[in-house]
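Colleague: Please take a close look at the sheet in this structure. I would like one connected account of its strands and what packs on them.

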Amino acid sequence: MKEIDTVPFEVNQLLEAVYFRYGYDFRHYARGSIERRIRYRVEHSELENVSQMIAKVMHDPDYFNLFLNDMSVTVTEMFRDPLVFKSIRNQLFLRLKTYSRINIWHAGCATGEEVYAMAIMLEEEGLLERSQLYATDFNNHSLAVAKEGIYSQQHMSKYQKSYKKSGGKKKLTDYYHTKHEHIKFDQGLRQHITFANHNLVKDKEFAQMHLIMCRNVLIYFDHQLQQLALNLFKCSLIDRGYLILGREEALGSAAMHAVFESIDAKYRIYRCSACA
Ligand SMILES: C[S@@+](CC[C@H](N)C(=O)[O-])C[C@H]1O[C@@H](n2cnc3c(N)ncnc32)[C@H](O)[C@@H]1O
């Protein structure tokens, strides 16, 4: 296989071309991972270099979709970091219970496993009926999977363990039906979830959120883009609303520390003190 030299200038041109032609802005994604992904796609196409890729991306929408998929890492699971979910169940829900309506936004939901996990917890704590979950991503392919709520059965025993660790009160099998090798989550969970395409780089805030989960997304952004996304969350949260980031992610600036008070440093749970 050809080893491709990702010349920074060519990569810049490619990202500018994508932004100009399609409006997707990857110019402030973490550079190392962007270059790895571009190198992978060039090596797996009949192309010699990044410059050739520019022409293909510009004129071939199917190839652009391939590129878009390459740019998003959609790895996810149910009750990923179960103790974060335990903390949500035992601490945050106590306060969320005081609201007559609860809005939760999963930003960068990938294929949706995390949002079904949240719906299950809300159901067990008697909060699902008054909750509306918004699950967004800029990857339509992942969103289509999330909307269907159909997953391979092979992961379910791992998810069952994480569910129990997170304080799950029943059995995960109580929430889905099995057909052949797949499971489908019950309509009762899905009817509280709205799935939508939303790009954190260019789209607007969601109003009046009580809780935002954005885990393992900012890690792919550079500092400038991280601050932009955090500002979007600030504008989306109610006062004293909660923000949860991934284990490897941080607020990254004094300005954001002034807005988001850390209430659980280990699990990256913050409360907004200067929100709408
Ligand atoms: C690693 S997954 C995280 C999934 C889930 N939050 C979790 O922690 O398990 C990262 C997701 O972020 C999405 N993403 C990346 N950039 C985005 C952007 N600018 N706007 C919206 N979603 C984005 C990707 O498409 C991908 O589905």
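Modeller: Two strands pair if DSSP finds at least two bridges between them. Strands (E, at least two residues) and helices (H or I, at least four) are DSSP runs, numbered from the N terminus. This is a predicted model: local features need pLDDT of at least 70, side-chain atom pairs count only at pLDDT 80 or more, and totals for chains, interfaces and linings use all residues. Residues are numbered from 1 along each chain as its sequence is written, and side-chain values use heavy atoms, with hydrogens and water left out.

Start with one pair. Leu243 has Tyr270, in strand 10, as its bridge partner. Strand 8 (residues 237–245) and strand 10 (residues 269–272) run antiparallel, joined by three bridges.

Now the whole sheet. It is open, with seven strands in the order 6-2-1-7-8-10-9 and mixed pairing. Strand 6 (193–197) and strand 9 (260–264) are the edges; each pairs on one side only. From one strand to the next, the twist averages 20°. Axes here are lines fitted to C-alpha atoms, for helices over the stretch in contact; angles run from 0 to 180 degrees between N-to-C directions.

Next, the helices. Contact means heavy atoms within 4.5 Å. Helix 6 (residues 113–124) packs on the sheet and touches strand 1 (102–107), strand 2 (131–137), strand 6 and strand 7 (209–214). Its direction makes about 170° with that of strand 2. Helix 10 (residues 223–236) also packs on the sheet, touching strand 1, strand 7, strand 8 and strand 9. The direction of helix 10 makes about 140° with that of strand 8.
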